[in-house]
Amino acid sequence: MTPRWLSRLWATATGRFGLIVVAVIAVTALVSSFWTPFDPQSSNIGDRWLPPSWPHLLGTDDTGRDILSLIMAGARTAVFVSVGAGVVATVIGISLAALGALTARWVRETVAVLVDILIAFPVLLIAMMISSVWGGSLWVVIWAVGIGFGVNIARVTRPELRRVQQSDFVLAARASGLTPRQSLTRHLLPNVAPVFIVQLSWSMAVAVLAEAGLSYLGFGASVVEPSWGILLADLQRYIGVHPLSVIWPGLTITITVLALNLLGDGLREATDPTLRHRAAELHTPAVVA
Amino acid sequence: MLRYALVRGALLIAGLLVSSVLIFLTLRVFPGDVAQLIAGTQASPAEVDALRESLGLNRPLLTQYTDWIGGIVRGDLGTSLLSGASVGEELFLKAQVTVPLGIMALLIAILIAVPFGILAALLRGRRGGTALSVGAQTLAAVPVVWAGMMLIVVFSVWLGWLPPQGFPRTGWSTPGRAIEALLLPALTIGIVEGAMLMRFVRSATLQAAGQDFVRTAAAKGLTRTRALIQHGIPAVGLSIITVLGLQVAGIIVGSVVIEQLFTLPGIGRMLVADVGTRDLIKVQSELLVLTGFVLVIGFLVDLLHRAIDPRQREAA
């Protein structure tokens, strides 16, 4: 990872948009852990349903909570879930890809078939499977997206890993005495990193969507946790009377997901020049909430 | 073709088996005591034990699994742990909402994706094409549930054209009202799915535009656009079929959330309720039916693709 890919990423409008928004969300999450304009959980019946105005920039909800503060605090949950899901997806994806590319033939092919089967499981169904035994929590979202996308990462990374492993320079490295493990860390992983990081960025976008959808359904965050999905569910009950307040959390989710998707697109173009002129393939796997 | 169908069929069977084992094990092996949950916190350990016995949760895992699968093979999806009602009958009832909803959503998605996707490809590099791509990219990032809320705000709250929620008690005996109730939900799923499909149609069209046969047609005197429409679009249609399985999975997932938002009595809402009450037998059968459906669609799509794509046939 040299700064060269970063400057290439910055050079495209989409990459720039992705980077900036993701940075803003991350900083917001950080800031919200010690400061928000108002306490996101403190209700004040006298201030209920204030329209967007100073000092409640996005207005207030049915119990007079400040919507901007709720959204800022929700960023924390979004970052937590997307990073958590990213870690799980990385571990599962890389292990499955390595098992599917670098082992004995029968193991390799069994793993490949297994991955093909698992990919048909939509993330939401995995989440419901887990939460029917664990009950709802943010960990359910993390595990469900992590497993779902881990399989997806494995499917994309496996052929790439195999291609690199059979390339001449890896063969030469092996002949010159590198152990399989050294060749894995020195040659194989760095060479599949671009493919993998792009997938990771997309899986974090799915994690944000999944958190909102699952929390809305009651399988994600609990009602006292700050979450964009919970906020959507809260505001939806008053949609007939106060239709506009529901715009803010939805817009926040859309912009965040869009930024992560564009960051993935930009990273792909920046890290792999051969892809630049190839038509984009469909990257979204079994879609989520 | 037959050989391919057999191999692909074997993979389908393997997929169904692996799914059933995974669903079963996840629901049994993970911590969480269903009997305790049903009996409530007031129950004595002896009562919980008796309940566990009567629910058959004390039997060896393998027996429980083979009983469940054996039943399914015979067409018996089991009975609810809580109400004792037949899962199969309820699924059949709820499917009368979910299946029409899914078909309507799929049609809307295709009606959006195909014309706009092709248009976006034709206008590539021009302002209109960029606007279409940005629009699709943004719509694909919208959470389905929020899209539904915004449509409710516009079409029910502001315009008052369509009912915001619910499904007529009379069901399909009043087809007009039933379709009216499904229109907004189907539109919601259709728009979001359509935006994803549109990006695929766009890149498939662009790919087709670069093909030799389109270039040849252009060289022998057709305009570029005409060449693309006459010779490229059939190839695009073919590649759309390959993502149909993905679309179906997306629509199933979308319907789970959307049935909740619009309070439709469909399979998705039933599944959400059953996960909430931890009705294990129902949940495992419903999950298997849904994943099985996705797997079967994938199988059919692969066969169809094979049957109509001459290149695939020759490769065999």
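Helices (H or I, at least four residues) and strands (E, at least two) are taken here as DSSP runs, numbered from the N terminus. By that assignment, B:Val73 belongs to helix 4 of chain B, which covers residues 61-73. The model is a predicted one, in which local features need pLDDT of at least 70, side-chain atom pairs count only at pLDDT 80 or more, and totals for chains, interfaces and linings use all residues. Residues are numbered from 1 along each chain as its sequence is written, while chains are lettered from A and ligands numbered from 1 in the order in which they are written.

**Stop 1: B:Val73**

Select B:Val73 in helix 4 of chain B. A residue is termed buried if 20 or more other C-beta atoms lie within 10 Å of its own, exposed if 12 or fewer, and partly exposed in between, with C-beta atoms placed from the backbone. B:Val73 has 8 C-beta neighbours inside 10 Å and therefore counts as exposed. Add B:Trp172 to the selection: the two residues are 99 apart along the chain, and their C-alpha atoms are separated by 30 Å.

**Stop 2: chain B as a whole**

Display chain B alone. Its secondary structure consists of 14 helices and zero strands. The C-alpha atoms occupy a box of roughly 85 × 55 × 35 Å along the principal axes. Chain B has 316 residues, of which 38% count as buried. Two residues are in contact if their C-beta atoms, placed from the backbone, lie within 7 Å. Of the contacts in chain B with a separation of 6 or more, 70% come from residues 24 or more positions apart.

**Stop 3: two bent helices of chain B**

Select residues 87-122 of chain B, which form helix 5. The expected span of a helix is 1.5 Å times one less than its number of residues. Helix 5 of chain B, with 36 residues, reaches 49 Å from its first C-alpha to its last, close to the expected 52 Å. The bend at a residue is the angle between axes fitted to the seven residues ending there and the seven starting there. At B:Ala95, helix 5 of chain B bends by about 40°.

Next, select residues 224-242 of chain B, which make up helix 10. This helix has 19 residues and reaches 26 Å between its first and last C-alpha, close to the 27 Å expected. Centre the view on B:Gly232, where helix 10 of chain B has a kink of about 50°, shortly before the proline B:Pro234. B:Gly232 is also buried, as are B:Ala227, B:Leu228 and B:Val236 in this helix. The cover over the buried residues of helix 10 includes helix 8 (175-209) and helix 9 (212-219) of chain B.

**Stop 4: B:Thr263**

Move to the loop between helix 11 and helix 12 of chain B, where B:Thr263 is placed. Most residues other than glycine have a negative phi. The phi of B:Thr263 is near 40°, a positive value in a residue other than glycine. With 13 other C-beta atoms within 10 Å, B:Thr263 is partly exposed.

**Stop 5: the contact between the chains**

Restore chain A. The contact takes 48 residues from chain B and 42 residues from chain A. On the side of chain B that touches chain A, helix 11 (244-261) is one of the helices that supply at least two residues each. Helix 11 of chain B gives the most to that side, with eight residues. Nonpolar residues are Ala, Val, Leu, Ile, Met, Phe, Trp, Tyr, Cys and Pro; charged residues are Asp, Glu, Lys and Arg; the others, Gly among them, are polar. The side of chain B that touches chain A divides into 34 nonpolar, 12 polar and two charged residues.

Now select helix 4 of chain A (residues 105-118) with helix 1 of chain B (residues 2-29), which pack at an angle of about 70° with their axes 10 Å apart. Helix 4 of chain A is therefore roughly perpendicular to helix 1 of chain B, a term for angles of 65 to 115 degrees. A:Val113, A:Leu114 and A:Ile117 meet B:Leu11, B:Ala14, B:Gly15 and B:Val18 here. This helix contact has six nonpolar, one polar and no charged residues.

**Stop 6: chain A and A:Gly74**

Display chain A alone: it has 10 helices and zero strands. Its C-alpha trace spans about 75 × 45 × 35 Å along the principal axes, and 49% of its 289 residues count as buried.

Finish at A:Gly74, in helix 3 (residues 67-102) of chain A. A:Gly74 is buried, with 29 other C-beta atoms within 10 Å. Leaving aside neighbours within four places in sequence, A:Gly74 is in contact with A:Pro226, A:Ser227, A:Trp228 and A:Leu231. A:Ile230 is 156 residues away from A:Gly74 in sequence, with 9.1 Å between their C-alpha atoms.

How values were computed
Axes are lines fitted to C-alpha atoms, for helices over the stretch in contact, and angles run from 0 to 180 degrees between N-to-C directions. Angles under 35 degrees count as roughly parallel, over 145 as roughly antiparallel, 65 to 115 as roughly perpendicular and the rest as oblique.
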